[in-house]
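Welcome! Please take a look at the structure below, and then work through the exercises at your own pace.

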Amino acid sequence: MDDKYVLLKGNEAIAEAALRAGCRFYAGYPITPQSEILEYMSANMEKNGGVFYQAENEIAGMSMLFGAAAAGARVMSSSSGPGFDLMQEEISYLSSNGIPAVLVNAMRYGTGDGEITAGQDSYWLTTRGGGHGDSRQIVFAPASVDECAQLTYLAFDLAEKYRNVVIILTDGAVSQMIEKCRLPGRKEHDIDQFDWTLSGKPLGAKKNKLNNMTNIIGHSDYQKYLFEKYAEMFENEQRWESLGVEDAELLLVAYGISSRVCKTAVMEGRKKGIKLGLIRPITVWPFPRKAFEKIPDSVKGFVTVEMCVATQLGLDVELTSKGRRALYSYLTGVNIPTAEGILAFCESILSGKQKPTEVF
Amino acid sequence: MTALKKPRSIIQPVSFCAGCGHAIIQRLIAECIEELGLQDQIIACCDIACSEWSLDALDYDFIAGPHGRIAAVATGIKKVRPDKIVYAHAGDGSSYVIGLTETCYAAIRDVPITMIVVNNACLGMTGGQMNLATTLLGDKTSSSPYGRSKDSTGHPVDMLKLIQNLDVQFAARGALFDPRHIEETKRYIKKGFENQVSKKGFSVIEVLSPCPTNWNLSPVDAMKKIREENTKVFPLGIYVDREERGTGCG
């Protein structure tokens, strides 16, 4: 890791960290608010000895990625909104074959074209998606440019460790903001490091047949392999940050851009005598259930802060708390939440004016 | 007279239907690879659907891509391992219909891969439904039970004429209805591999191939239909050979 700080956009930090992690194949299609990743790769991938493709669409880009990863390269693609929809097919194929890849979903707000600005309403798609079939992806939710770099770097190692897709889930704000960032050290990846790759082996040598893994090891073993892998990822990869949980009356739960505002709300609230705490999931799959194991008696409820129409994060909080505390969701839709808004909402909860939120 | 030998690359029988052209094409691919001495450096790509039967039959590293995306998958592989020989064996539904974009852009990028497209005038694996690009007008299929009508479904398209405009290395169409044409098809496929060995660009070889099961014809009658009907819409020959700067029947 370089000691010195550099000033980068979130998208640039992701792209540079990927190159430093040994990513040598990128294919993608431009879409706001993640296009700087593609542009950065167009300027720097070949200098690093890699391959950059502006694809004809996200499906084709992901298919190139599928081939490149199968051939052994560290690969990345990135998208947002409707573009991320189109990537689902190949996420399923990558999962079906146990091929590692790192993807970025920089969330923009809304259904359809929506807006090109920040949103957090593709949470379910990203944490529960993955196309057809039953797959799980590790999903990181960085809340700063520095974290964009560190988590992207880590993502490549975890993708290979589990032979799984890892997704960096940002939003239009985290992707576009410029702030200080430390860059990880450079490493090269050997495309012949793993024995599952397509390397063009001689006749008679054991070949790799990358097809549905079920065809290779049978449905029963495949089901067992996947279940155990997902359980292991769930157990080992939960990451989160806690703030002021010990004596909190209300515990905010937020990730990405909303979690930054929540930190301010916690500080400001405590100045005013409102005891707020924060649990910030750094992985949103696996959702950090361990962070919720020791919730003090002082906590009257959980408050998710999300840029959604109806709560999505709240489902994970409900699954985690199993109804032991009331759930409230502060939903700001297309707008980035403000600390004042969060505080006012929390005050109204504490004065009994808010009904608990229903998840549907 | 030399004895006819099975290519060493073919290591197990496959489940193609009786009279299916895919098996002949699979054998031609293996023969070309071995005659050029490339058998120890192959990465093969197939589509889901009928070409996937080759995956276990051939002793190569193999990948089955998402339906229609095979040219893009092969592109990714070739760019990561440029010294290996990468070929794609896919159907006409994959290459010309659902994956036409991927095929065209692999051609436009002039990716040095060898693509073999099996034109069997239907969507074989799913039960012989109409293929928008290759089913002849009037032909009955399970999704055009009254015969394909231009009014509602458009017309079959000679995609090599489209690809001809994309500045590729080599584009040709062969057929399998008699030994002479099988030999000619083999020459085209071999040319496609030779181009890759000499680091030239994108080569595509389309093969008019019978699907007796879905055409409801005997294998012999299916070959006869190709010779008498399909070749009229899909003329045989070399469309592009950048080396020769010549064009054939296109």
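K201(A) is buried, and D61(B) is buried as well. Keep this pair in mind for the first exercise. Please note that this is a predicted model.

**Exercise 1. A bridge between chains**

Task: Find out which elements K201(A) and D61(B) belong to, and how they meet.

Solution:
- Step 1. Start with the distance: the side chains of K201(A) and D61(B) form a salt bridge, at 2.5 Å from N to O.
- Step 2. Next, place the partners. K201(A) sits in the loop between β8 (178-182) and β9 (209-210) of chain A, while D61(B) belongs to strand β2 (residues 61-65) of chain B, and the pair therefore crosses between chains.
- Step 3. Now look at the strands around this spot. β9(A) and β2(B) pair in the parallel sense, over 2 bridges. Within β2(B), F62(B) is the bridge partner of K209(A).

**Exercise 2. The interface as a whole**

Task: Describe the contact of chain B and chain A: how many residues does it take from each chain, and how much area do the chains bury between them?

Solution:
- Step 1. Count the residues: chain B gives 37 residues to the contact and chain A gives 37 residues.
- Step 2. Turn to area. The size of an interface is often given as the accessible area lost when the parts come together. Here the two chains bury about 2900 Å² between them, with 57% of it on carbon and sulfur atoms.
- Step 3. Ask which residues of chain B supply the most. D61(B), R81(B) and R109(B) account for 22% of the area that chain B buries against chain A, more than any other three residues.
- Step 4. List the polar links. The interface of chain B and chain A has 5 salt bridges and 23 residue pairs in polar contact. One of the salt bridges joins the side chains of E56(A) and R109(B), at 2.7 Å from N to O.
- Step 5. Sort the side of chain B that touches chain A by element. Those giving two or more residues are β1 (42-47), α2 (54-57), β2, α3 (70-80) and α5 of chain B. The largest share, 7 residues, comes from α3(B).
- Step 6. Sort that side of chain B by class: 16 residues are nonpolar, 8 are polar and 13 are charged.

**Exercise 3. Salt bridges within a chain**

Task: Compare where the partners lie in the pair K224(A) and E228(A) and in the pair D110(B) and R242(B).

Solution:
- Step 1. Recall the principle: side chains of opposite charge can pair when their charged atoms come close.
- Step 2. Take the pair in chain A. The closest N and O atoms of K224(A) and E228(A) are 3.2 Å apart, in a salt bridge. Both residues lie in helix α10 (residues 219-236) of chain A, 4 residues apart, which means a separation of about one helical turn.
- Step 3. Check accessibility. K224(A) counts as exposed because its relative accessibility is 51%, and the cut-off is over 50%. E228(A), at 42%, is partly exposed.
- Step 4. Take the pair in chain B. The side chains of D110(B) and R242(B) form a salt bridge, at 2.7 Å from N to O. D110(B) lies in the loop between α5 (100-108) and β4 (114-119) of chain B and R242(B) in the segment after β7 (237-241) of chain B, so the salt bridge ties together parts that are 132 residues apart in sequence. R242(B) counts as buried, at 16% relative accessibility.
- Step 5. Finish with a network: shared partners link R27(B), E31(B), E35(B), K186(B) and K190(B) through salt bridges. Over all chains, the count of salt bridges is 42.

**Exercise 4. A strand and a helix under cover**

Task: Is strand β5 (residues 101-107) of chain A enclosed or open, and which strands are joined to it?

Solution:
- Step 1. Count buried residues: 7 of the 7 residues of β5(A) are buried, so the strand is largely enclosed by the rest of the structure.
- Step 2. Check each face. A101(A), L103(A), N105(A) and M107(A) are buried on one side, and V102(A), V104(A) and A106(A) are buried on the other.
- Step 3. Find the neighbours. Strand β4 (residues 74-79) of chain A runs parallel to β5(A) and is joined to it by 4 bridges, with S78(A) partnering V104(A). Strand β7 (residues 165-171) of chain A is also parallel to β5(A), joined by 7 bridges, and there V165(A) is the partner of A101(A).
- Step 4. Turn to helix α1 (residues 10-20) of chain A, where 10 of the 11 residues are buried. Among them are I14(A), E16(A) and R20(A). After α1(A) comes G22(A), with a positive phi near 95°.

Methods
Residues are numbered from 1 along each chain as its sequence is written. Chains are lettered from A and ligands numbered from 1 in the order in which they are written. This is a predicted model: local features need pLDDT of at least 70, side-chain atom pairs count only at pLDDT 80 or more; totals for chains, interfaces and linings use all residues. Side-chain values use heavy atoms; hydrogens and water are left out. A salt bridge is a side-chain nitrogen of Lys or Arg within 4 Å of a carboxyl oxygen of Asp or Glu. Buried means under 20% relative accessible area, exposed over 50%, partly exposed in between (1.4 Å probe, protein chains only). Contact means heavy atoms within 4.5 Å. Buried area is the accessible area (1.4 Å probe) that two parts lose on being put together, summed over both. A polar contact is a pair of N or O atoms within 3.5 Å; within protein, one must be able to donate a hydrogen and the other to accept it, and residues adjacent in sequence count only if both atoms are side-chain atoms. Ala, Val, Leu, Ile, Met, Phe, Trp, Tyr, Cys and Pro count as nonpolar, Asp, Glu, Lys and Arg as charged, and the others, Gly among them, as polar. Two strands pair if DSSP finds at least two bridges between them.
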